[in-house]
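Student: Could you walk me through how to read a few residue-level features in a model like this one?
Tutor: Happily; let's look at it together.

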Amino acid sequence: NEIDSSGVPSDQVDRVKADPVLSKEFVNSPINCTYYYGFVTEKAPVNDVKVRKALSMGIDRKTLVEAVLKGGQIPANTFTNPLNFGSWAGDTDIAPWALPEDMGGWGYDKAKEEANALLAEAGYPDGEGLDILLMHNVSEGHARIAQAIQAMWQEAFPGMTVSIETQEWRVYLDTIRATTAIEDVPHVFRLGWCGDYPHANNWLHEVFNTEEGANRIRLSYDDPQVGDLVKEYDETTKAAQVAGEEEAKALYKRAEQLLVDEIVGIAPMYFYTTVNVTKPWLHRSYDPIQMSLFQWTLDMDAKMAALK
């Protein structure tokens with residue numbers, strides 16, 4: 001009763017849900033953030049779009065959120081979080097292989113089968129000869145996710161080798177910059193994005209547009225496989241900025257298809273949730289669009305009574 005609110009680590013969620021007191025104090029609600037893995041599209045072997053797509057297909061998002069994270073996170077087939085204008089999250093016209101069957105998608109078994117076919121076409125049957133470095137910043141949570149993905153990839157593609165490397169946050173950000181020498185960057189890196197304002201432009205144009213975004217995945221018009229698609233992606237997100245509402249929505253849908261399903265610059269993993277326990281004397285308000293906390297009210301009389 002001394003702490004009013006606390007986050008719940010993923011390895012403690014089951015215990016909290018089973019506890020007669022803590023389960024009543026458990027809070028689980030959406031946050032306007034998306035967790036994703038980025039592919040450095042200039043670095044072999046993920047410079048092959050078939051390899052990138054196979055790796056994204058080889059992630060069992062349903063198992064990840066239900067068995068590893070356990071915090072009510074939602075499997076993601078798009079980059080733009082569903083709390084934003086222009087989001088097409090859950091639409092099966094976009095990367096249906098990323099969604100489980102209960103969300104209308106292919107399901108993981110079919111996704112693995114198609115992924116193996118793509119790797120065979122790319123010259124890596126069963127993952128033979130495929131050596132991937134996955135990097136994340138230091139965090140127990142990110143480590144659990146990376147280890148789960150490593151296991152999924154190695155089970156789906158038995159001949160594949162997956163190494164995991166970690167770095168402190170500031171070093172990590174320098175490593176994954178678009179200007180870092182290609183030999184010093186990983187093949188795959190993790191990041192999350194949280195909306196600054198509730199609109200797909202803040203996701204699709206500001207993050208991955210080649211002229212204005214950070215472009216850590218190194219999209220390029222000169223890419224021999226997807227250069228034309230990258231150009232279409234940039235033109236689509238720019239056009240959406242000046243389009244009417246319905247046209248803009250359609251353009252953002254096309255941009256999502258390009259980013260995650262055709263170019264496959266990223267593998268969206270899941271949409272965040274807040275997972276914590278809160279005492280009944282703490283009342284909080286949330287921004288209805290961003291779902292971020294902005295006001296706390298504490299009933300000190302109730303708290304002091306509980307401490308006696």
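Tutor: We will take two residues and then the nonpolar cores.
Tutor: This is a predicted model, where local features need pLDDT of at least 70, side-chain atom pairs count only at pLDDT 80 or more, and totals for chains, interfaces and linings use all residues. Residues are numbered from 1 along each chain as its sequence is written, and side-chain values use heavy atoms, with hydrogens and water left out.

Student: Where does T236 lie?
Tutor: Helices are DSSP runs of H or I, at least four residues, numbered from the N terminus. T236 belongs to helix 9, residues 227-242.

Student: Is T236 buried or exposed?
Tutor: Buried means under 20% relative accessible area and exposed over 50%, with partly exposed in between (1.4 Å probe, protein chains only). T236 has 7%, so it is buried.

Student: What does T236 touch?
Tutor: Contact means heavy atoms within 4.5 Å. Not counting residues up to four places away in sequence, T236 touches L251, R254, A255 and L258. In addition, a polar atom of the T236 side chain lies 2.6 Å from the backbone oxygen of E232.

Student: Which residues is I59 in contact with, beyond four places in sequence?
Tutor: Y108, I149, M152, W153, A267 and M269. I59 sits in the loop between helix 3 (49-57) and helix 4 (61-69), and it counts as buried because its relative accessibility is 2%.

Student: Which members of the largest nonpolar core touch the most others?
Tutor: A nonpolar core is a set of buried Ala, Val, Leu, Ile, Met, Phe, Trp, Tyr and Cys residues joined through side-chain atoms within 4.5 Å. Among the 72 residues of the largest one, they are Y37, L64 and W153. Another core, of 6 residues, lies apart from it and includes V13, F26, V275 and V277.

Note on methods: Helices (H or I, at least four residues) and strands (E, at least two) are DSSP runs, numbered from the N terminus. A polar contact is a pair of N or O atoms within 3.5 Å; within protein, one must be able to donate a hydrogen and the other to accept it, and residues adjacent in sequence count only if both atoms are side-chain atoms.
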